[in-house]
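Hello,

Here is the structure I promised to pass on to you. Please have a look at it first, and then read my notes underneath.

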Amino acid sequence: SYRTRSSVLVQSSILHFEAQKSVSCCSSSRGNSGRVSSLVAFGWQVLSCIMAEETFEAVGSGASATFPQQCSALRKNGHVVLKNRPCKIVEMSTSKTGKHGHAKVHMVGIDLFNGKKYEDICPSTHNMDVPHVTRLDFQVIGIDEDGYLSLMADGGDIRDDLKVPESDLGKEIRERFDKGDEILVTVMKAMDIEAAVGIKNAKA
């Protein structure tokens, strides 16, 4: 994140400044050269650890959105990443290219969020990315003038970062909320994309 990178830069500047100050203070004393070298080496060691931690966090957060799965293990109605988009598999067929060729799988998927159709062909033994897909229910407690939903989770936390969908679902959400119905919306998340995808009555 920006905050973490800024912290690394600040700590790097401090270490560099302290090392330079120590070198300046001790340059007149020949016997302190070993101490200065050790201090500089220690500073760079600390900085390397900070940068390694930053890299690990960045890689870990990116990898958590998907997981690899062999193409032959994918199934219709399951999920897969096609053209860098999370999709639901609606068609699958397997064919062979020749006597010594590898079996290939032809897949057709529907984007989970925009409904677009995507296709891909993959050797059955190769891995494909599969998105982690989650669904959570939130109670609708408000809709502002800009079309943002005010949603309350089971634990009482409030979020106001999702817009009412521009679809029949969005129209139903607005109509039922305006009537005073207590409703829940289902929010789906995949590959850092979130959207309201369903509606149901809130339990009494």
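Below is what I found, going from the strands and hairpins to the salt bridges and the charged surface.

A word on the ground rules first. This is a predicted model, so local features need pLDDT of at least 70 and side-chain atom pairs count only at pLDDT 80 or more, while totals for chains, interfaces and linings use all residues. Residues are numbered from 1 along each chain as its sequence is written, and side-chain values use heavy atoms, with hydrogens and water left out.

Let me start with the run of strands from β7 to β9. Helices (H or I, at least four residues) and strands (E, at least two) are DSSP runs numbered from the N terminus, and two strands pair if DSSP finds at least two bridges between them. Strands β7 and β8 run antiparallel and are joined by four bridges; Gln139 has Met152 in β8 as its bridge partner. Their hairpin has four residues between the strands, and Gly147 there takes a positive phi near 90 degrees. Next, β8 is joined to β9 (residues 158–163), again antiparallel and with four bridges. Met152 appears here too, with Ile158 in β9 as its bridge partner. In this second hairpin, five residues sit between the strands, and Gly156 has a positive phi near 100 degrees.

The loop between β7 (133–143) and β8 (148–152) holds Glu145. Its relative accessibility is 80%, so Glu145 counts as exposed (buried means under 20% relative accessible area, exposed over 50%, partly exposed in between, with a 1.4 Å probe and protein chains only). Glu145 also belongs to a negative surface patch, together with Asp144, Asp146 and Asp160. For such a patch, residues need over 30% relative accessible area and no salt bridge, and like charges are joined within 9 Å; for nonpolar side chains (Val, Leu, Ile, Met, Phe, Trp, Tyr) the limit is 5 Å. Asp and Glu count as negative, Lys and Arg as positive, and His and the chain ends are not counted.

Now to the salt bridges, of which the structure holds six. The criterion is a side-chain nitrogen of Lys or Arg within 4 Å of a carboxyl oxygen of Asp or Glu. One of them joins Arg85 and Asp111, at 2.6 Å from N to O. This pair links distant parts of the chain, with Arg85 in strand β3 (residues 85–96) and Asp111 in strand β4 (residues 103–111), 26 residues apart. Arg85 is partly exposed at 22% relative accessibility, whereas Asp111 is buried at 3%.

Another salt bridge is that of Asp137 with Lys200, whose closest N and O atoms are 3.0 Å apart. Here too distant parts of the chain are linked: Asp137 is in β7 and Lys200 in strand β11 (residues 193–201), 63 residues apart. Both ends are partly exposed, Asp137 at 28% and Lys200 at 37%.

Within helix α3 (residues 168–178), Glu172 and Arg176 lie four residues apart, about one turn of the helix. Their side chains meet in a salt bridge of 3.8 Å, N to O. Glu172 is partly exposed at 33%, but Arg176 is buried at 17%. Arg159, Asp161 and Glu194 are joined into one network by salt bridges that share partners.

One last residue to look at is Val108, which sits in strand β4 and is buried at 4% relative accessibility. The C-alpha atoms of Val108 and Val90 are separated by 5.8 Å, with their positions 18 residues apart along the chain.

Best wishes

Note on methods:
Accessible areas come from the Shrake-Rupley method with a 1.4 Å probe; for residues, only the protein chains shown count as cover. The place of a charge is taken as NZ of Lys, CZ of Arg, CG of Asp or CD of Glu.
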